[in-house]
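Q: I'm new to this one and would like a close look at a single part. Please take me through the surroundings of the ligand, then show me how they tie in with the rest.

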Amino acid sequence: MTRYAIITKEFTFEAAHHLPNHRGKCRRPHGHSYRLQISLRGPINQTPGESSDGMVMDFDDLKTIVNATILEQLSDSVPRGKEAQLVEHGGLDHNDLNALTGIRTTAENLVHWIWDALVAGGVPDTLLYRIRLWETEKGYVEITHAEREEL
Ligand SMILES: Nc1nc2c(c(=O)[nH]1)N=C([C@H](O)[C@H](O)COP(=O)(O)OP(=O)(O)OP(=O)(O)O)CN2
Ligand SMILES: [Zn+2]
C-alpha cells in the first residue's frame, strides 16, 4: 500500500521591498525578516536500502533545491524583473525584491512568485502542497493548489 505524507521545511531570509502607491508606511523602502515554509505532499519512498527510504524527500535535498532556486540564487529558468540586472546576483536573501522579481511585492504576490519559481526550477507542481510566507511575526499568507486555480 502506498502511504503519503506532507513534509515541511522552514527558511528565513532578509530582504528589502516597497509597495508603490500603498496608503501607509509600506510605500517607502523597508525590510523584513521573512519566514518561509515550503510543504510537499507525496508518496513515502519504500525502497529498503536507499538513503531516502521512508521519506517523501530528504529534508536536506529540499533545503538544497530551495536555496539554489530562490533564496541564495535564482535558477536560470526563473523570470526576473526588468531591473534585476541592477541588483547583485543572488536570490531573494539580502536583496531588493522589487528589482529582482519585477512584481508588486505583496506577500500574496510573492508566494505565487515563489511557487512559480520552484516549479521553473524543477520541483514538480504535483509535489508542492502549500507555501506560507510570514512578512512580520503576526502576518502571513499561504497558498495551496486551490489558490493556484484560475476561475
Ligand atoms: N494583505 C497585505 N497587506 C499588507 C502587505 C501585504 O503584503 N499583504 N504588506 C504590507 C507592508 O509590506 C508592511 O511592511 C507590513 O505591514 P503591517 O503588517 O501593517 O506592518 P506592521 O509592522 O504594523 O506589522 P505587525 O505584524 O503588526 O507587527 C502592508 N499590508
Ligand atoms: Zn513590507
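A: Let's start with what "around" means here: a residue is near a molecule or strand if its C-beta atom, placed from the backbone, lies within 6 Å of it. Keep in mind that this is a predicted model, where local features need pLDDT of at least 70 and side-chain atom pairs count only at pLDDT 80 or more, while totals for chains, interfaces and linings use all residues. Residues are numbered from 1 along each chain as its sequence is written, and chains are lettered from A and ligands numbered from 1 in the order in which they are written.

On that basis, ligand 1 is surrounded by Leu-19, Cys-26, His-30, Thr-106, Ala-107, Glu-108, Glu-135, Thr-136, Lys-138 and Gly-139. Sorted by class, that shell holds three nonpolar, four polar and three charged residues. (Ala, Val, Leu, Ile, Met, Phe, Trp, Tyr, Cys and Pro count as nonpolar, Asp, Glu, Lys and Arg as charged, and the others, Gly among them, as polar.) Helix α3 and strand β4 each supply at least two residues of the shell. These labels come from DSSP runs, numbered from the N terminus: helices are H or I with at least four residues, strands are E with at least two.

Now for the record. An unreviewed UniProt entry carries an "active site" annotation on Cys-26, His-89 and Glu-135. Positions are in the numbering used here, feature names are shortened, and annotations may be inferred rather than shown by experiment. The three span 110 residues in sequence and their farthest two C-alpha atoms are 25.0 Å apart, so they do not all gather at one spot. Cys-26 and Glu-135 both appear in the ligand shell. His-89, for its part, lies in the loop between α1 and β3 (95-96).

How open are these positions? A residue is buried if 20 or more other C-beta atoms lie within 10 Å of its own, exposed if 12 or fewer, and partly exposed in between, with C-beta atoms placed from the backbone. His-89 has 10 other C-beta atoms within 10 Å, so it is exposed. Glu-135 has 18 such neighbours, so it counts as partly exposed.

Glu-135 is worth a longer stop. This residue sits in strand β4, and, leaving aside neighbours within four places in sequence, it is in contact with His-32, Tyr-34, Ala-107 and Tyr-140. (Contact means that the two C-beta atoms, placed from the backbone, lie within 7 Å.) Ala-107, you may recall, is one of the shell residues.

His-32 leads to another annotation. The unreviewed UniProt entry marks a "binding site" at His-17, His-30 and His-32. These are spread over 16 residues of sequence, yet they cluster in space, with a largest C-alpha distance of 8.1 Å. His-30 is part of the ligand shell too. His-32 is found in strand β2 and is partly exposed, with 18 other C-beta atoms within 10 Å. Not counting residues up to four places away in sequence, His-32 touches Ala-15, Glu-135 and Thr-136. His-17 lies in strand β1 and counts as buried, with 25 C-beta neighbours inside 10 Å. Its contacts, again leaving aside neighbours within four places, are Leu-97, Asn-98 and Thr-105.

Those strands belong to a wider sheet. Five strands form an open sheet in the order β3-β1-β2-β4-β5, with mixed pairing. At the edges are β3 and β5 (139-144), each pairing on one side only. Two strands pair if DSSP finds at least two bridges between them. β1 (residues 4-17) and β2 pair in the antiparallel sense over 14 bridges; among them, Phe-13 has Tyr-34 as its bridge partner in β2. β1 and β3 pair in the parallel sense over two bridges, and the partner of Ala-16 in β3 is Asp-96.

Finally, the core. A nonpolar core is a set of buried Ala, Val, Leu, Ile, Met, Phe, Trp, Tyr and Cys residues joined through C-beta atoms within 7 Å. The largest one has 25 residues, and Ile-70, Ile-114 and Ala-117 have the most contacts inside it. The elements giving two or more residues to this core include β2 (30-43), α3 (107-120) and β4 (128-136). Helix α3 gives the most, with seven residues. So α3 and β4 serve both the ligand shell and this core.
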